[in-house]
Amino acid sequence: LELKYIVKRSNIKNIIRDLKDIFDVEEFEDNIAHYENRNIYYDTYDFKFYRDKSEGYSVRKKLRIRFSKFISDSKYSRCQIEIKSRRGFESEKKLIKITNLNDFNFNDINKYLLINNGIYLHDKLFPVLNVKYERESFISKIYRDIRFTIDNNIIASSFNNNIDDFQKGYFILEPKYSVLEFKFKTEFPLLLKNIIKRHALQQVTYSKYAKSIEIIYNRKYQI
């Protein structure tokens, strides 16, 4: 389950302060979880994944490749395919590690998944766009399986198989705002509900992929 909020970056410190007794900064491989994600999003040739999201279908799917590296590092520590299925507010994510990126063909992900993982995708997919952003991650000290993330500086560009090339990207959210997201598996605790209420946060539906499609279309193709 996920709850998302658009928050002014100037308010983030106050929210973290109110959550500090409940959450710790998450750590991976002895590094504090402040890292950069770079995603390549896939869709069908008639943009079915985007249309399902924008038209409000509660049952939908999304596929992306995610590259992650810690802010202090130059090399990517994670490279994986993520297949996300959603039903209402509930979602399931399948993670598939890419072991040899040098031999990976971004333009034929269907073949890769079938040969290497035995996963058949009914629809032929192609890479649509790239998104990069900074993420901070926190994990609960008292509640099992609850964490929250803060995403900043979210930039989208048309697809480029050079994931480090974002010279012609566009901000899909003004840099003065952050995306705050709580992730949990069962019931959302009353204590956290009260903190959200105290800061007058309003829940939103926010898709980086859908927003990127709209921004790139308006900037590059709309007359």
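**Exercise 1. Find the residue that lies over the face of Y133, and give its distance from the ring centre.**

Solution. The residue is K208, which lies over the face of Y133 at 4.5 Å from the ring centre. A charge sits over a ring if NZ of Lys or CZ of Arg is within 6 Å of the ring centre and within 35 degrees of the ring normal. The model is predicted, so that local features need pLDDT of at least 70 and side-chain atom pairs count only at pLDDT 80 or more, while totals for chains, interfaces and linings use all residues. Residues are numbered from 1 along each chain as its sequence is written, and side-chain values use heavy atoms, with hydrogens and water left out.

**Exercise 2. Determine which residues of helix 1 are buried and what covers them.**

Solution. Begin with the terms: buried means under 20% relative accessible area, exposed over 50% and partly exposed in between, with a 1.4 Å probe and protein chains only. Helices (H or I, at least four residues) and strands (E, at least two) are DSSP runs, numbered from the N terminus.

Step one: helix 1 spans residues 9–19, and its buried residues are I12, I15 and L19. Step two: these residues lie on the same side of helix 1, because they cover an arc of only 70 degrees around the axis, the arc being that of the directions from the helix axis to the C-beta atoms. An α-helix has 3.6 residues a turn, so residues three or four places apart point the same way. Step three: on the face turned away from the buried side of helix 1 are the exposed residues S10 and K13. Step four: the cover over the buried residues, judged by contact (heavy atoms within 4.5 Å), includes strand 1, strand 2, strand 10, strand 12 and helix 4.

**Exercise 3. Identify the strands that pair with strand 1.**

Solution. Two strands pair if DSSP finds at least two bridges between them. Strand 12 pairs with strand 1 in the antiparallel sense over 7 bridges, and V7 stands opposite S178 in strand 12. Strand 13 (residues 203–204) also runs antiparallel to strand 1, joined by 2 bridges, with K4 opposite V204. As for its surroundings, strand 1 is largely enclosed by the rest of the structure, because 5 of its 7 residues are buried.

**Exercise 4. Trace the salt-bridge network that includes E82.**

Solution. A salt bridge is a side-chain nitrogen of Lys or Arg within 4 Å of a carboxyl oxygen of Asp or Glu, and a search of the whole structure finds 19 of them.

Step one: the side chains of R64 and E82 meet in a salt bridge at 2.8 Å, N to O. R64 lies in strand 6 and E82 in strand 7, so this pair ties together parts that are 18 residues apart in sequence. Both R64 and E82 are buried. Step two: K93 also forms a salt bridge with E82, with the closest N and O atoms 3.8 Å apart, and this pair links K93 in strand 8 to E82 in strand 7, 11 residues apart. Step three: compare the accessibility of the two partners, where K93 is partly exposed at a relative accessible area of 40%, whereas E82 is buried at 3%. Step four: salt bridges that share partners join R64, R66, E82 and K93 into one network.
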